[in-house]
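Visitor: Could you walk me through this one? I'd like the overall picture, then some individual residues.

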Amino acid sequence: ALAATDGTHATVTAATTGIIESIVLCNTDTVARTAYIYLVPTAGSPAVANQIFQGSLASGETVVISPGAFLEAAGTVRGHASLASVVSIRVSWGEVS
């Protein structure tokens, strides 16, 4: 689940390139919550420039993000929500060398 502060949910290993296929978010709370997702390059930090999602999820809502993006070695998928532990996250991705 997303925390209230930025956390890492996938890290590309050394000497590979990551392919981010999809990110699934689900709000398990009884009220709307906002989620923030970033594709952060090597040695970078979450910022507006690498944000791929910022949005409100209604109670029980599931959102599928399909960035089809590439991340270099040590790049990360990071994110947080307006309240910890109520927005679940699943990152589907692969690596190529």
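Guide: To begin with the surface, the protein has an accessible area of about 4800 Å², and carbon and sulfur atoms account for 54% of that. Please keep in mind throughout that this is a predicted model.

Visitor: How many helices and strands are there in the protein?

Guide: The protein has eight strands and zero helices, so that, read from the N terminus, the order of elements is β-β-β-β-β-β-β-β.

Visitor: And what radius of gyration does the protein have, set against a compact globule?

Guide: The radius of gyration is 13 Å, which agrees with the value near 13 Å that a compact globule of 97 residues would have. Along the principal axes, the C-alpha atoms fill a box of roughly 45 × 20 × 20 Å.

Visitor: What share of the residues is buried?

Guide: Of the 97 residues, 40% are buried. As for how the chain comes together, if one takes the contacts between residues at least 6 apart in sequence, 82% of them join residues at least 24 apart.

Visitor: Switching to charges, how many salt bridges does the count come to?

Guide: The count comes to one salt bridge. Asp 29 forms a salt bridge with Arg 33, with 2.8 Å between the closest N and O atoms.

Visitor: Are those two, Asp 29 and Arg 33, buried or exposed?

Guide: Asp 29 and Arg 33 are both buried.

Visitor: What about Arg 78, where is that found?

Guide: Arg 78 is found in strand S7, which covers residues 76-81. Arg 78 is buried as well, yet has no salt bridge.

Visitor: Why has Arg 78 no salt bridge?

Guide: Side chains of opposite charge can pair when their charged atoms come close. For Arg 78 the nearest side chain of opposite charge is Asp 6, at 5.4 Å, and a salt bridge is counted within 4 Å, so this pair does not qualify.

Visitor: Which side chain does Arg 78 make a polar contact with, then?

Guide: The side chains of Arg 78 and Thr 8 are joined by a polar contact of 3.5 Å. Setting aside residues up to four places away in sequence, Arg 78 also touches several others, among them Asp 6, Gly 7, His 9, Tyr 36, Tyr 38 and Pro 46. If you want a distance for orientation, the C-alpha atoms of Arg 78 and Gln 51 are 9.2 Å apart, with their positions 27 residues apart along the chain.

Visitor: Now Phe 70: buried or exposed?

Guide: Phe 70 is exposed, because its relative accessible area is 58% and the cut-off for exposed is over 50%. Phe 70 lies in strand S6, residues 69-71.

Visitor: What is Phe 70 in contact with?

Guide: Beyond its neighbours within four places in sequence, Phe 70 is in contact with Thr 17, Gly 18 and Ile 19. The C-alpha atom of Phe 70 is separated by 13 Å from that of Thr 13, which is 57 residues away along the chain.

Visitor: Last topic, backbone angles: which residue other than glycine has a positive phi near 70°?

Guide: That is Ser 85, with phi near 70°, and Ser 85 is placed in the loop between S7 and strand S8 (87-96). Ala 74 is not a glycine either, and has a positive phi of about 75°; Ala 74 lies in the loop between S6 and S7.

Visitor: How exposed are Ser 85 and Ala 74?

Guide: Ser 85 counts as exposed, at 57% relative accessibility, whereas Ala 74 is partly exposed, with a relative accessible area of 39%.

Methods. Residues are numbered from 1 along each chain as its sequence is written. This is a predicted model: local features need pLDDT of at least 70, side-chain atom pairs count only at pLDDT 80 or more; totals for chains, interfaces and linings use all residues. Side-chain values use heavy atoms; hydrogens and water are left out. Helices (H or I, at least four residues) and strands (E, at least two) are DSSP runs, numbered from the N terminus. The radius of gyration is taken over C-alpha atoms; the globule rule is 2.2 Å times the number of residues to the power 0.38. Buried means under 20% relative accessible area, exposed over 50%, partly exposed in between (1.4 Å probe, protein chains only). Contact means heavy atoms within 4.5 Å. Accessible areas come from the Shrake-Rupley method with a 1.4 Å probe; for residues, only the protein chains shown count as cover. Lys and Arg count as positive and Asp and Glu as negative; His and the chain ends are not counted. A polar contact is a pair of N or O atoms within 3.5 Å; within protein, one must be able to donate a hydrogen and the other to accept it, and residues adjacent in sequence count only if both atoms are side-chain atoms.
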